[in-house]
2 protein chains.
Amino acid sequence: MYTIGDLSRRTGVKIPTIRYYEQMGLLAAPERTEGNQRRYEKRALERLAFVRHARDLGLSIEAIRDLLALSEHPERPCGEADRIATEHLASVREKIAQLRKLEHELKRIVACHGDHTIGDCYVIRALADHSLCGNEH
Amino acid sequence: MYTIGDLSRRTGVKIPTIRYYEQMGLLAAPERTEGNQRRYEKRALERLAFVRHARDLGLSIEAIRDLLALSEHPERPCGEADRIATEHLASVREKIAQLRKLEHELKRIVACHGDHTIGDCYVIRALADHSLCGNEH
DNA sequence: GGAAGCTCTCTAGTCTCTAGAGCTTTATAT
DNA sequence: ATATAAAGCTCTAGAGACTAGAGAGCTTCC
């Protein structure tokens, strides 16, 4: 039996966040003591670890809810779970591509090195004038 | 003179967002008609383009406010503007590195291709068991 | 049995918008 | 000159995923 604080320490998920996950339906409402405090079993710890891991990977609460629902029907085909993960992989790749563009642009922008005054600072000019960009976004 | 709708069309920034930027102090409150509608000058258009561009690059509203404040004192040295952009470049690079890790992990996870049942689906197992990850995060 | 430390609920705040209700103004067409 | 359509106004609330704080009530340990 774990207290909510135990769960928090073991998973690194903050206490209010654990309660929030319960509210969002990612964790089952656990038993309570006579004094109304939550007491968790080991399964809850594993489930929270799952949720945390999935959030770390950037899956939305909704996607996680879907995966959890699926995992409760282990007899069904898992094409759906695969689809969720694949879709997410695509969105991660897109984000990477976008950030790479930004990296290039910022690298070009960071070029005044503090030895000018703002009047001719490239940072300001580049931000003001999109046409200096070289790529569209 | 532009209406708020003109500004929106020309910059691609939605109307409520323009009003929000005004509220946040990124845009000066423009003149109003007798009927209380906003009428903008060309400078406002340029400024909005600056803000939009900076937001596209992922700069926070606060960072943009700082840059704008700086740009109003063109006689000062621009080391500060450079610092803001450089700092942001570092954070973009960090995000890219993180997302790359996620990409690898998801790629490994997406491996069950719908030809199993969920009971032995790698997606679910990998998310449940962090130790399958191969890297820490 | 008393103090320290945990936990409870509830409310409100974060950030950057976005959407809608209900109303007023402006522009265009006749 | 007037009718109507399109655009604008303010204000409120919602999104997503938490986070923080108030004020009260439990548990544990010496």
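Here is a walk through a predicted model with protein chains A and B and DNA strands C and D.

Let's begin with chain A. Its secondary structure adds up to six helices and two strands. If you trace the chain along its sequence, the order you meet is α-α-β-β-α-α-α-α. Chain A has 137 residues, and 28% of them count as buried. What about contacts that link distant parts of the sequence? Take the contacts in chain A with a separation of 6 or more: 47% of them join residues 24 or more positions apart.

Now for the DNA. Look at strand C first, which has 20 residues around it. The closest are A:Thr3, A:Gly5 and A:Arg38 from one chain, along with B:Thr33 and B:Gly35 from the other. Which helices supply at least two residues each to the surface near DNA strand C? They are helix H1 (4-11) and helix H2 (15-23) of chain A, plus helix H2 (15-23) of chain B. The top contributor is H2(B), with three residues. Sorted by class, this surface near DNA strand C has 10 polar residues, five nonpolar ones and five charged ones.

Then turn to DNA strand D, which also has 20 residues around it. Here the nearest are A:Thr33, A:Gly35, B:Thr3, B:Gly5 and B:Arg38. The elements that each give at least two residues to the surface near DNA strand D are H2 and helix H4 (61-71) of chain A, together with helix H1 (4-11) and H2 of chain B. This time H2(A) gives the most, with three residues. The classes near DNA strand D come to nine polar, six charged and five nonpolar residues.

Let's leave the DNA and head for the nonpolar interior. The largest nonpolar core holds 21 residues, and those with the most contacts inside it are A:Leu48, A:Val51, A:Ala54, A:Ile64 and A:Leu67. Helix H3 (42-56), H4 and helix H5 (79-109) of chain A each supply at least two residues of this core, and so does helix H5 (79-109) of chain B. H3(A) gives the most to this core, with five residues. Where does this core sit relative to domain 1 (4-76) and domain 2 (80-132) of chain A? Both domains give residues to the core, so it lies between them. There is a second, separate core too, made of 20 residues, including B:Ala44, B:Phe50, B:Leu67 and B:Ile84.

H3(A) deserves a closer look. This helix has 15 residues and reaches 21 Å from its first C-alpha to its last, close to the 21 Å expected at 1.5 Å a residue. Its buried residues are A:Ala44, A:Leu48, A:Phe50, A:Val51, A:Arg52, A:His53 and A:Ala54. An α-helix has 3.6 residues a turn, so residues three or four places apart point the same way. After H3(A) comes A:Gly58, with a positive phi near 90 degrees.

Over in chain B, find B:Leu48, which is in helix H3 (residues 42-56). Is B:Leu48 buried or exposed? With 24 other C-beta atoms within 10 Å, B:Leu48 is buried, because 20 or more are enough to count as buried. Setting aside neighbours within four places in sequence, B:Leu48 is in contact with B:Leu7, B:Thr11, B:Val13, B:Ile18 and B:Leu27. One of these, B:Thr11, is 37 residues away from B:Leu48 in sequence, yet their C-alpha atoms are 7.4 Å apart in space.

Last stop: a pair of asparagines. Most residues other than glycine have a negative phi. A:Asn36, however, has a positive phi of about 75 degrees although it is not a glycine. You will find A:Asn36 in the loop between strand E1 (31-32) and strand E2 (38-39) of chain A. A:Asn36 has 6 C-beta neighbours inside 10 Å, so it counts as exposed. In chain B, B:Asn36 has a positive phi of about 75 degrees, and it is not a glycine either. B:Asn36 lies in the loop between strand E1 (31-32) and strand E2 (38-39) of chain B. With 6 C-beta neighbours inside 10 Å, B:Asn36 counts as exposed.

Notes: Residues are numbered from 1 along each chain as its sequence is written. Chains are lettered from A and ligands numbered from 1 in the order in which they are written. This is a predicted model: local features need pLDDT of at least 70, side-chain atom pairs count only at pLDDT 80 or more; totals for chains, interfaces and linings use all residues. A residue is near a molecule or strand if its C-beta atom, placed from the backbone, lies within 6 Å of it. Helices (H or I, at least four residues) and strands (E, at least two) are DSSP runs, numbered from the N terminus. Ala, Val, Leu, Ile, Met, Phe, Trp, Tyr, Cys and Pro count as nonpolar, Asp, Glu, Lys and Arg as charged, and the others, Gly among them, as polar. A residue is buried if 20 or more other C-beta atoms lie within 10 Å of its own, exposed if 12 or fewer, and partly exposed in between; C-beta atoms are placed from the backbone. Two residues are in contact if their C-beta atoms, placed from the backbone, lie within 7 Å. A nonpolar core is a set of buried Ala, Val, Leu, Ile, Met, Phe, Trp, Tyr and Cys residues joined through C-beta atoms within 7 Å. Domain bounds come from an automatic or database domain assignment. The expected span of a helix is 1.5 Å times one less than its number of residues.
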